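Please look over the sequence and the model shown here before reading on. The briefing that follows goes through its topics in turn.

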Protein chains: 2
Amino acid sequence: MSARAGIVVTGTEVLTGRVTDRNGPWLAERLRERGVDLAHIAVVGDRPADIAAALGFFAHAGVDLVVTSGGLGPTADDLTAEVVGAFCGREMVLDAELEQRIAEILRPLAARFPDLDMEAVRESNRKQAVIPEGSTVLGPVGTAPGLVVPPAPGRDGPTVVVLPGPPRELHPLWHDAAATAAVAAAVANATEYRQQMLRLFGIPESEIAATLRAAAEEGVELDRLEITTCLRRAEVEVVTRFEPSAQGVYDRLAALVRERHGPVLFSEDGSTVDDQVASMLTERELTIGVAESCTGGLLAARMTERPGSSRYLVGGLVVYANEAKTQLAGVEPELIERHGAVSGEVAQALAAGARRRLGADIGVAVTGIAGPDGGTEDKPVGLVWLCAQGPEGALTRRVQLPGSRQDVRDRSTTVAMHLLRRLLLGEHDEEGSAGAPHSAAARGEG
Amino acid sequence: MSARAGIVVTGTEVLTGRVTDRNGPWLAERLRERGVDLAHIAVVGDRPADIAAALGFFAHAGVDLVVTSGGLGPTADDLTAEVVGAFCGREMVLDAELEQRIAEILRPLAARFPDLDMEAVRESNRKQAVIPEGSTVLGPVGTAPGLVVPPAPGRDGPTVVVLPGPPRELHPLWHDAAATAAVAAAVANATEYRQQMLRLFGIPESEIAATLRAAAEEGVELDRLEITTCLRRAEVEVVTRFEPSAQGVYDRLAALVRERHGPVLFSEDGSTVDDQVASMLTERELTIGVAESCTGGLLAARMTERPGSSRYLVGGLVVYANEAKTQLAGVEPELIERHGAVSGEVAQALAAGARRRLGADIGVAVTGIAGPDGGTEDKPVGLVWLCAQGPEGALTRRVQLPGSRQDVRDRSTTVAMHLLRRLLLGEHDEEGSAGAPHSAAARGEG
């Protein structure tokens, strides 16, 4: 039987959604890389009884390892170490050396906040040096140490890895934890898994379901693959996890998807459309400028998320008001009056304006109606026109996107990335064409 | 005893973090509004055994209600309804009327995707009409119905509300579910809770811990309050939940926070800095233009997230390259050469350029080093200069932000919003001053 683990993400702020948890999924990925099977992620508030209940659940389910995130801060609502200590049958003790190390770490804080009551800060942080007896201390990277807590001698149950909530502390401390003998022993039975991802843009998820049924009919042993299909930012992702012996089965499935969905299958190697666009721009030393209306900066923000994007992204124009379209991108007011701000003509003028004003090789433009207001019968909420223009031609597309204001804005950036990808692959509209509806993204299935 | 609930979020894509779950937190908030206590959120993969284990855990914990999200789609890995049926002791049956309704919903899809094999689509979706006998059907809004499934007659256990994963389907269907007699009966014992939030900008979380200790010393009965403090996007949030009888205790605590942290306490009514800036701009009919370098569009995107932002936001300049700073915002190349692109002088020139080029009343600018590369000893990663300029004066600030590229970019937008807020409240720098370090955001505690 394969090694199994559970993750406990603590924090009332996470439970209630004021903070989005990124630790659970990140840890899930790390566990999978090691071939450890994940039972589930429990997101609990800061109440000790609820944290204890989640640990008890995993113990009852027979997992080998539990990883917790959060609840190690200086405030009184941070109780994870104490609850884990009780769960593992271990006394809480003050680790004097750790207390000293935390004191060193706090010293620079005093310099930055001269008015701070340092005695009060030290008192708050002394709490962070009280740990279950017999734990391995990791770090700290911030002021909170990580802990590896095996069950007390003579006691059954999982080993618990206790990590602080801030990702920049949790990430390195997880790697430290994974290198300890206690964790290695707990997950000694991990199975090796492989994982592959196919990404498609421009078909509904139900077509993939049909392809999977066709695969089964052709005798592909789907029960040897764990397949997950999901819609994400207007793309369909098909993730398959399998033991190495099932590689041939996976290869047959991938070939069938390629055969049936070739034109919309844009990635088989894990690369995203953003990766592909960035590497084509970098390799060819092309520069790009953005002009965006309904996305209001999101497309430029998406492109600049990537370190090194300054090699190709010159800048962007956020042309929210019509006056901005004219002043910044040089769109003639008459053009807006004649066709409306959301039109193929204005998208083309914006892309041309971005190229010209930013002196870039490529201009990409988005103009649409993100809602919730501003839609009409002719131009409903979700209607978006896009244009990507390069030295050798342009692509202009109209899409009708489903969902909320946030969905429409986010999906518009995905459609823009795919339009750029296709332009960079050499596709251009016929001269004079304003672009056919881009059925690719015009899907509303949920 | 108060009514308790659990939430099960299904989906391997959520468990592994390819998709960020927003449903768990959203449902947590809805339950709390009704006074239902939340035990925990379980995030599980698509394996039936894991979904069943999570349901079993909640049954064992004695909750009155379980809400599930996801796993109702057309593909074979969507199994929630079946697992819930078994858990509640109910047979799965085809609901012919529901099948008919789903067929109606799918009809427009055929028009949009003329090449689609509609028979295959219908087959995929027929599965969605197979439901536990005796359930109440909700919707559907997309193609997946929601379900309210009480335990079979003579059987103990929670009532289960089964909802589809896409938020735009889940939200209305939850409201439908909450209105059913079965859900009302399950949570009949809900206690009333009140919740208050204090938001502070510019102090480390440990100072709040010190204030809570001071409150306890002054005899404030903190055990009657459930207090959570958390750092979020460079702000500290203090959320307190209490029964109505503890209102006086909360009022004493809030008064103490006000007394000790008045200048950095910017919100007591749940409003965010974004809300405050938006309403001041709207009320005074002021317009705004943005110029941003390291945030690359994020600040404009943050401002345009809000419906109605077109009333005040004219547009923005994403001036990533130095040439863009000159071409778009009119910053003199010599100024950049003399002081560097990340400097108070360039931030001021960018804010002035945004105002002028966009014809806006207020200009706000951000220029900094987001990392991971590009830092020097003098200008390390995380150094950000900001300027907000209005008709009556300006505020220029230098901050040193901790964290990753993403953290620095995101926190920069928060600092910019607070700078705008203070400008709108009438604060200005002395003439000729380039702004003091803004200790407010220069914090690195985790």
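How many Å separate the centres of domain 1 of chain A and domain 2 of chain A, taken over C-alpha atoms? The separation of these two centres is 38 Å. This is a predicted model, in which local features need pLDDT of at least 70 and side-chain atom pairs count only at pLDDT 80 or more, while totals for chains, interfaces and linings use all residues. Residues are numbered from 1 along each chain as its sequence is written, and chains are lettered from A and ligands numbered from 1 in the order in which they are written.

**Domains of chain A**
- Chain A is assigned domain 1 (4-186), domain 2 (194-267) and domain 3 (273-441), with bounds that come from an automatic or database domain assignment.

**An open sheet in chain A**
- Four strands (DSSP runs of E, at least two residues, numbered from the N terminus) form an open, antiparallel sheet in the order β10-β11-β9-β12 of chain A.
- Because β10 (226-232) and β12 (265-267) of chain A each have a single partner strand, they stand at the edges, and one side of each is left without a neighbour in the sheet.
- Seven antiparallel bridges pair β10(A) with strand β11 (residues 235-242) of chain A, where pairing requires that DSSP finds at least two bridges between two strands; Ile227(A) has Thr240(A) in β11(A) as its bridge partner.

**Leu317(A) and the nonpolar cores**
- Leu317(A), which lies in strand β14 (residues 313-318) of chain A, counts as buried because it has 32 C-beta neighbours inside 10 Å, the cut-off being 20 or more other C-beta atoms within 10 Å, with C-beta atoms placed from the backbone.
- Not counting residues up to four places away in sequence, Leu317(A) touches residues including Ala291(A), Arg357(A) and Leu317(B), a contact meaning that the C-beta atoms, placed from the backbone, lie within 7 Å.
- In the largest nonpolar core (a set of buried Ala, Val, Leu, Ile, Met, Phe, Trp, Tyr and Cys residues joined through C-beta atoms within 7 Å), which has 124 residues, Leu350(A), Ala354(A), Leu350(B) and Ala354(B) touch the most other members.
- Another core, of 99 residues, lies apart from that one, and Leu65(A) and Val44(B) are among its residues.

**Where the chains meet**
- Contacts link 93 residues of chain B with 92 residues of chain A, and strand β2 (residues 37-44) of chain B gives the most to the side of chain B that touches chain A, with seven residues.
- Strand β2 (residues 37-44) of chain A is joined to β2(B) by five bridges, the two running antiparallel, and Val43(A) stands opposite Ile41(B).

Key
Buried ≥ 20, exposed ≤ 12 C-beta atoms within 10 Å, placed from the backbone. Contact = placed C-beta atoms within 7 Å.
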